[in-house]
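Reader: Could you walk me through one part of this structure up close? I'd like to follow a run of paired strands, and then hear how that part sits in the rest of the protein.

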Amino acid sequence: MKSLAGFTGDLSAMTAPPFILSPTSLTEFPAYWCERPELFAAIADGKTEQARSLAVLKWFISTLKGQYTSRNESMGSEKKPLNPVLGELFYGYWPANEARGGKTTLVVEQVSHHPPITAYRIENTAKGVTLTGHNAQKTSFSGGSIIVKQVGHAVLTVSLPSGKTEEYLITLPRLRIDGLWYGSPYIELAETSSIQSSTGWLSTIEYKGKGYFSGKSHSFKATLSPPTHGTAPTVIEGTWHTTSKDVNSGAVFHDVTSPKEEVTVAPIEEQGEWESRKLWFGVAKGIREGDFETAATFKGKIENDQRQRRRDEVAANKTWELKHFRYIESDPVYERLGRLFKANPPTEDAYVYLNNGPWS
């Protein structure tokens, strides 16, 4: 671990030894967006623009624990996820029930390897709620910590019974990975992120971690501001990995101390060769069993196969074709909604879902 602190440049380019690897591929991470699928579905139940904006904020805050602390709880410290291969796929779903209506589906595709970019689509058709986005990371070192700038964004869309559609642009927080010197890395969120609704409501989330002398780990303050003056903003404070409250009323806002719901995935024997858990099965098994030599052998074979595939494509003057997404240089939704809160950068690329997943 300490040798990492002398590294400069993009950490995603590092080949990590199996003993600091997670047995999970990065393509599985978008499932964290929906491990409380009833909150995702409940967005559609809000009767007003303000109520739906609050529901989006509540769902978003409730995803952070799974996205950024669950590996510490399950593995003792943060591990480097397996770096997906170009074209890697991950499919899953959360079954229908009375509380959330229909089935909630997940389609993930690794749309770039250098740099690693993951595109995803989550959808509850019965409720008319969808989430489409992509994520990449740029990493650097500062003062013994790894600083991760998350590149990308997500757009949540709600189709209302009236026939109208609301859109929410979601930007991503920066990460700081501390604890490297002690061999027990953990993630802290930093700076701010935003959720901008097409109705004008804006959530600004400020993240404050534990300092050397004060502060509480995983603290945040979220402010939901109305599009016009006259309505008081709603302010939420707490810790995103446990609970938070409405500052004005004292009412509990979010609570993620109860168990989450894991995504349902097809058995390995029913998966295609490009699906994450089948592709990485030998590596993951070796890591879980502490057989790092076997894990390294399987990992090396996958990486060598990918290098050969890229060489073959160059020789044939071909490029890899994406399966479920189409790349666009500028996302019109990001540009339009980002303008309302002066997003930086003012434009960003995106991956458009082709509506051809296994659930379509």
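Author: Sure, let's start in the middle of the sheet. Strand E6 and strand E7 (residues 145-159) run antiparallel and are joined by 14 bridges. Keep in mind that this is a predicted model.

You can trace that pairing at two spots. Val129 has Val158 in E7 as its bridge partner, and Ser140 is bridged to Ile147, also in E7. The hairpin of E6 and E7 has two residues between the strands, and Gly143 takes a positive phi near 60° there.

Now look at the other partner of E6. Strand E5 (residues 117-124) pairs with E6 (residues 129-142) in the antiparallel sense, this time over eight bridges. Arg121 is a handy marker here, as its bridge partner in E6 is Thr132. E5 and E6 make a hairpin too, with four residues between the strands, and Gly128 takes a positive phi near 75° in it.

Back to E7, which has further pairings to offer. Six bridges join E7 to strand E8 (residues 165-170), and the two run antiparallel. In that pairing, Ala154 stands opposite Ile170 in E8. The hairpin formed by E7 and E8 has five residues between them, and Gly163 in the turn has a positive phi of about 100°. E7 is also joined to strand E9 (residues 174-178) by three bridges, again antiparallel, with Val148 standing opposite Leu175 in E9.

What about burial? For E7, 11 of the 15 residues are buried, so the strand is largely enclosed by the rest of the structure.

That brings us to the packing. The largest nonpolar core has 47 residues, and those touching the most other members are Trp33, Trp59, Phe60, Leu131, Leu156, Ile170 and Ile205. Three of those names belong to the strands we just went through: Leu131 lies within E6 (residues 129-142), Leu156 within E7 (residues 145-159), and Ile170 within E8 (residues 165-170). The largest share of this core, eight residues, comes from helix H2 (residues 49-68). In soluble globular proteins, nonpolar side chains tend to be buried together.

H2 is worth a stop of its own. Of its 20 residues, 15 are buried, so H2 is largely enclosed by the rest of the structure. Its length checks out as well: at 1.5 Å a residue, the 20 residues should span 28 Å, and the end C-alpha atoms are 29 Å apart, which agrees.

Phe60 shows how the helix meets the strands. Leaving aside its neighbours within four places in sequence, Phe60 is in contact with Trp33, Ile170, Thr171, Ser193, Ile195, Ile205 and Tyr207. Ile170 in that list is the residue that Ala154 of the E7–E8 pairing stands opposite. Apart from the largest core lies another one, of 19 residues, among them Val85, Leu89, Val283 and Phe325.

Finally, the wider setting. The protein's secondary structure comes to seven helices and 17 strands, and 51% of its 360 residues count as buried. Among contacts with a separation of 6 or more, 56% are between residues 24 or more positions apart. As for the outside, the accessible surface comes to about 17,400 Å², with 53% of that belonging to carbon and sulfur atoms.

Technical notes:
Residues are numbered from 1 along each chain as its sequence is written. This is a predicted model: local features need pLDDT of at least 70, side-chain atom pairs count only at pLDDT 80 or more; totals for chains, interfaces and linings use all residues. Side-chain values use heavy atoms; hydrogens and water are left out. A nonpolar core is a set of buried Ala, Val, Leu, Ile, Met, Phe, Trp, Tyr and Cys residues joined through side-chain atoms within 4.5 Å. Buried means under 20% relative accessible area, exposed over 50%, partly exposed in between (1.4 Å probe, protein chains only). Contact means heavy atoms within 4.5 Å. Accessible areas come from the Shrake-Rupley method with a 1.4 Å probe; for residues, only the protein chains shown count as cover. The expected span of a helix is 1.5 Å times one less than its number of residues. Two strands pair if DSSP finds at least two bridges between them.
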